[in-house]
Amino acid sequence: MKRSILILGDILTIAIVTVIGFATHGEVGLAFLPRMAALFFPLGIAWFALAPFLGLFQDQIVRDARQLWRPAWAGLFAAPLALVPRGFILNAPIIPLFAAILAGTFALGMVIWRAIYFLLIRKAS
């Protein structure tokens with residue numbers, strides 16, 4: 001397993017989910033980069049803090065399609081966890097609906113990426 005590809009894909013997925021979220025509100029541009037960073041970095045930290053505990057970098061788990069619930073589970077917890085530092089950074093309240101939407105879209109994004117990765121390593125071996 002190429003762990004570096006897996007990690008880069010995770011980071012790219014976090015970036016894509018962040019940009020798509022802002023784009024749905026018409027907030028894409030250089031002026032929104034600080035707000036994007038206020039979500040991107042805490043979300044990345046939360047993801048990489050939780051993912052190892054769910055075995056998301058272990059070869060036998062990454063290679064098992066039945067384990068695709070793990071990135072969803074990590075995403076469902078990482079998103080709300082990331083909103084706490086985001087709230088402090090932006091001096092803004094944590095809106096429960098935003099937490100739920102972010103958790104769902106982030107979990108879905110990670111499952112899609114990890115499924116693509118699974119298919120790629122399966123085809124390569």
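User: Exposed means over 50% relative accessible area, buried means under 20%, and partly exposed is in between. Buried or exposed, then: which is Arg-66?

Analyst: In this predicted model, Arg-66 has a relative accessibility of 66%, and because the cut-off for exposed is over 50%, Arg-66 counts as exposed.

User: Which residue does the Arg-66 side chain meet in a salt bridge?

Analyst: The partner is Asp-64, with a nitrogen-to-oxygen distance of 3.1 Å. Asp-64 is buried, at a relative accessible area of 18%, so this salt bridge joins a buried residue to an exposed one.

User: How many salt bridges are there in the whole structure?

Analyst: Searching the whole structure gives three salt bridges. Besides the one between Arg-66 and Asp-64, there is a salt bridge between the side chains of Arg-63 and Asp-59, at 3.0 Å from N to O. Both residues of that pair are partly exposed, Arg-63 at 36% relative accessibility and Asp-59 at 30%.

User: And what does Asp-10 pair with?

Analyst: Asp-10 forms a salt bridge with Arg-114, and the closest N and O atoms are 2.8 Å apart. Asp-10 belongs to helix α1 and Arg-114 to helix α5, so the pair ties together parts that lie 104 residues apart in sequence. As for accessibility, Asp-10 is buried with a relative accessible area of 0%, and Arg-114 is buried as well, at 5%.

User: Changing topic to α2: how far apart are the end C-alpha atoms of this helix, and what span should one expect?

Analyst: Helix α2 covers residues 33-50, and its 18 residues, at 1.5 Å a residue, should span 26 Å; the C-alpha atoms at the two ends are 25 Å apart, which agrees with that expectation.

User: Which residues of α2 are buried, and what do they pack against?

Analyst: The buried residues of α2 are Met-36, Ala-38, Leu-39, Pro-42, Leu-43, Gly-44, Ala-46 and Trp-47. They pack against α1 (3-23), α4 (69-90) and α5 (96-124). By contrast, Pro-34, which is also found in α2, counts as exposed at 55% relative accessibility.

User: What does Trp-47 touch, apart from its neighbours within four places in sequence?

Analyst: With those neighbours set aside, the contacts of Trp-47 include Ile-14, Leu-56, Phe-57, Ala-78, Phe-106 and Met-110, and both Asp-10 and Arg-114 are also among them. Those last two residues are the ones that form the 2.8 Å salt bridge.

User: Which residues of the largest nonpolar core touch the most other members?

Analyst: That core has 27 residues, and those touching the most other members are Leu-43, Trp-47, Leu-102 and Phe-106. Helices α1, α2, α4 and α5 each contribute at least two residues to this core, and α5 gives the most, with eight. In soluble globular proteins, nonpolar side chains tend to be buried together.

User: How many cavities of 30 Å³ or more does the structure hold?

Analyst: There is one cavity of 30 Å³ or more, and the largest cavity holds about 80 Å³ of space.

User: What lines the largest cavity?

Analyst: The lining residues include Leu-6, Ile-61, Val-62, Gln-67, Tyr-117 and Phe-118, and Asp-64 and Arg-114 are also among them. Both α3 (59-62) and α5 supply at least two residues of the lining, and α5 gives the most, with three. Among the lining residues, then, Asp-64 also takes part in the salt bridge with Arg-66, and Arg-114 in the salt bridge with Asp-10.

Key:
Residues are numbered from 1 along each chain as its sequence is written. This is a predicted model: local features need pLDDT of at least 70, side-chain atom pairs count only at pLDDT 80 or more; totals for chains, interfaces and linings use all residues. Side-chain values use heavy atoms; hydrogens and water are left out. Helices (H or I, at least four residues) and strands (E, at least two) are DSSP runs, numbered from the N terminus. The expected span of a helix is 1.5 Å times one less than its number of residues. Buried means under 20% relative accessible area, exposed over 50%, partly exposed in between (1.4 Å probe, protein chains only). Contact means heavy atoms within 4.5 Å. A salt bridge is a side-chain nitrogen of Lys or Arg within 4 Å of a carboxyl oxygen of Asp or Glu. A nonpolar core is a set of buried Ala, Val, Leu, Ile, Met, Phe, Trp, Tyr and Cys residues joined through side-chain atoms within 4.5 Å. On a 1 Å grid over the protein atoms alone, a cavity is a set of points where a 1.4 Å probe fits but cannot get out, and a pocket is an open set with protein on both sides within 12 Å along at least five of seven lines; lining residues have an atom within 4 Å of a point. Grid points are joined across faces, edges and corners, and a volume is the space filled by probe spheres set on the points.
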